[in-house]
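I set out to look up how the strands and helices are arranged, and then how the chains meet. My entries follow the display.

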Amino acid sequence: MATQHSRSAARIMMAPAVILLLGWMLVPLTMTLYFSFKKYLPLRGGDLGWIGFDNYVRFVSSSAFWPSVQTTLVIVLGVLLITVVLGVLLALLLDQPMWGQGVVRILVIAPFFVMPTVSALVWKNMFMDPVNGLLAHLWKFFGAQPIEWLSNAPLISIILIVAWQWLPFATLILLTAIQSLDSEQLEAAEMDGAPPLSRFGYIILPHLARAITIVVLIQTIFLLAVFAEIFVTTQGSFGTRTLTYLIFQRVLESQNVGLGSAGGVYAIILANIVAIFLMRIVGKNLDA
Amino acid sequence: MGQITLNQITKSFGDVQVIPPLDLTIEDGEFVVFVGPSGCGKSTLLRLIAGLEDVSSGEIVIDGNEATNVPPAKRGLAMVFQSYALYPHMSVRKNIAFPLRMAGLDKAAQDAKVEAAANVLNLTNYLDRRPGQLSGGQRQRVAIGRAIVREPAAFLFDEPLSNLDAALRVNMRLEISELHQTLETTMIYVTHDQVEAMTMADKIVVLQAGVIEQVGSPLELYHTPRNKFVAGFIGSPKMNFMSGAFAAEYDAQTIGIRPEHLEVSQSEGKWRGTVGVSEHLGSDTFLYVDMEGQEEPVTVRSTGEVGIRHGDTVYLSPEPSKIHRFDKEDLRLA
């Protein structure tokens with residue numbers, strides 16, 4: 001009896017939060033679906049009625065669609081590669097006993113606390129500026145011609161900025177995973193004649209597999225939606241238009257809400273495919 | 001093929017010296033047990049021999065070769081860890097084959113050795129399982145298998161049985177002893193359990209605070225403990241210590257008498273006392289007897305069936321030849 005009572009009480013108490021979250025998700029979702037089947041041009045006549053799947057066809061057949069998918073993939077994979085590889089190395093370094101460990105660890109987390117817009121501005125104006133940027137000064141110091149980062153290497157620049165933001169996240173998760181490794185396993189491997197690199201390859205890396213999948217999963221979902229960094233730096237020019245940015249342009253720059261909404265629905269489907277796919281991997285990993 | 005000599009080795013962590021200068025020789029083929037209370041430095045000593053810790057000073061000689069600065073893998077020793085330290089993502093086969101793989105052996109030779117080790121340890125049916133799917137005893141055997149395939153000069157065991165339940169522990173104890181008989185390889189075994197030490201060892205090294213209190217065969221330690229610490233540590237139940245008037249009679253600071261060397265009588269005897277708790281084990285009965293002038297109750301080991309109850313008055317008589325006498329420094333008096 002007691003458990004049944006407390007169960008229904010729990011349900012009632014949880015209800016406000018659940019309803020709020022559900023509304024938060026359902027209202028925009030239904031609105032997006034609603035607009036995606038409409039010809040809706042706010043500055044050019046407003047609601048012009050239902051047009052079926054026209055928006056969906058137009059969005060995919062536009063010349064900007066496939067390049068934007070490619071750009072998205074390049075950014076996501078590039079950032080994942082950098083954060084996972086550097087994250088593992090940094091985690092290994094931070095795991096070593098050293099003086100001022102606590103402070104160093106907090107410093108490593110710091111980039112994660114900086115808002116994307118701010119960090120993109122800082123990178124754009126203080127590091128990558130071809131005249132006043134730190135990197136330009138560095139290049140000049142060595143007698144080289146400063147690179148115009150954002151116009152000559154726009155994708156790499158954005159990948160660098162985003163990777164810088166996400167590196168702390170990867171490092172933190174991987175660091176906790178490394179700390180949970182039983183040191184006797186490493187000692188056993190050492191006794192078994194495994195040199196440091198083999199110990200890394202045979203013991204540490206397999207131990208990190210689960211943490212790496214989790215990092216990849218979570219980051220992919222957030223990286224698919226990268227927006228502020230592009231908006232602040234290149235505004236989608238020089239081939240940095242991702243799917244997310246394309247949707248933004250369709251809605252706000254072309255003032256075609258219907259077309260943008262159709263793109264949004266594609267993005268939802270894409271993100272869910274990635275999520276399901278990665279959930280399976282993580283689920284399998286968690287079982288083992 | 002497995003003689004290990006420690007010359008004046010010391011180990012300090014920061015300012016704390018956990019092992020003061022220590023000498024020890026372990027002969028080839030011996031089963032040596034390091035035993036002592038927790039924190040006595042026995043595991044540290046084992047890790048020094050293994051090379052997992054560096055000695056602060058002194059030298060380690062293995063088979064006549066200076067090994068003080070030789071990395072662990074090159075010392076030709078194999079270690080079985082307390083947590084077994086199996087590689088969780090590898091099958092049993094791969095776990096056992098790991099040292100061979102690291103040594104660069106070809107696949108066929110690896111398989112042959114793994115099969116042979118699995119046969120010895122009854123693991124043949126489990127070779128393709130992961131460690132997570134095995135029971136504690138099986139994991140223990142895999143850890144031993146991983147050590148065997150290397151054909152080491154000596155095996156090092158770091159409290160290998162402490163994670164097993166009591167029944168399994170007795171079994172594994174026998175298996176390890178059996179293994180030692182078969183392989184005739186030097187084995188160094190660390191434990192805090194004096195029963196394991198007594199039952200398995202050719203030679204016991206009793207340690208306290210990093211200092212070797214006594215080295216000897218189990219029976220040597222039992223019959224002629226060098227000091228009060230060894231006397232109290234070896235033997236179960238613990239030796240009874242009596243001082244004051246009891247000891248003065250024997251011209252000693254303290255006297256010790258083992259529970260099995262006391263005779264109980266309800267009518268007459270040397271010392272008079274009151275029975276407290278009695279533990280019936282079937283084969284034996286342990287009586288805890290409170291005596292006047294004696295702080296701790298005296299433990300007596302009696303036959304299985306005694307009709308003595310809580311609160312009864314009993315008389316205890318020691319076997320005179322089995323009384324151990326200790327001086328002011330707790331050293332044994334001849």
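Entry 1, the sheet. In this predicted model, I looked up the strand order in chain B and found an open sheet of four strands, β2-β1-β4-β5, with antiparallel pairing. I noted β2 (16–26) and β5 (65–66) of chain B as the edge strands, since each pairs on one side only. I then examined β1 (residues 4–13) and β4 (residues 57–62) of chain B, which are joined in the antiparallel sense over five bridges. For B:Asn7, I recorded B:Glu59 in β4(B) as the bridge partner.

Entry 2, the helix on the sheet. I located helix α1 (residues 42–50) of chain B across β1, β2 and β4 of that chain. Its direction is at about 115 degrees to β1(B).

Entry 3, a helix pair. I checked α2 (residues 92–102) and α3 (residues 107–120) of chain B, whose axes come within 9 Å and cross at roughly 130 degrees. I therefore classed α2(B) as oblique to α3(B). I recorded their crossing as right-handed. On the α2(B) side I listed B:Arg93, B:Ile96, B:Ala97, B:Leu100 and B:Arg101, which meet B:Gln110, B:Lys113, B:Val114 and B:Ala117 of α3(B). By class, I noted five nonpolar, one polar and three charged residues in this contact.

Entry 4, the chain contact. Which chain A helix supplies the largest share of the side that touches chain B? I found that the contact takes 13 residues from chain A and 15 residues from chain B. In chain A, α9 (183–191) and α10 (196–223) each supply at least two residues of the touching side. The largest share, six residues, comes from α9(A). I classed the chain A side as five nonpolar, three polar and five charged residues.

Note on methods: Residues are numbered from 1 along each chain as its sequence is written. Chains are lettered from A and ligands numbered from 1 in the order in which they are written. This is a predicted model: local features need pLDDT of at least 70, side-chain atom pairs count only at pLDDT 80 or more; totals for chains, interfaces and linings use all residues. Two strands pair if DSSP finds at least two bridges between them. Two residues are in contact if their C-beta atoms, placed from the backbone, lie within 7 Å. Axes are lines fitted to C-alpha atoms, for helices over the stretch in contact, and angles run from 0 to 180 degrees between N-to-C directions. Ala, Val, Leu, Ile, Met, Phe, Trp, Tyr, Cys and Pro count as nonpolar, Asp, Glu, Lys and Arg as charged, and the others, Gly among them, as polar. Angles under 35 degrees count as roughly parallel, over 145 as roughly antiparallel, 65 to 115 as roughly perpendicular and the rest as oblique. A crossing is left-handed if the near helix is turned anticlockwise from the far one by less than a right angle, and right-handed if clockwise.
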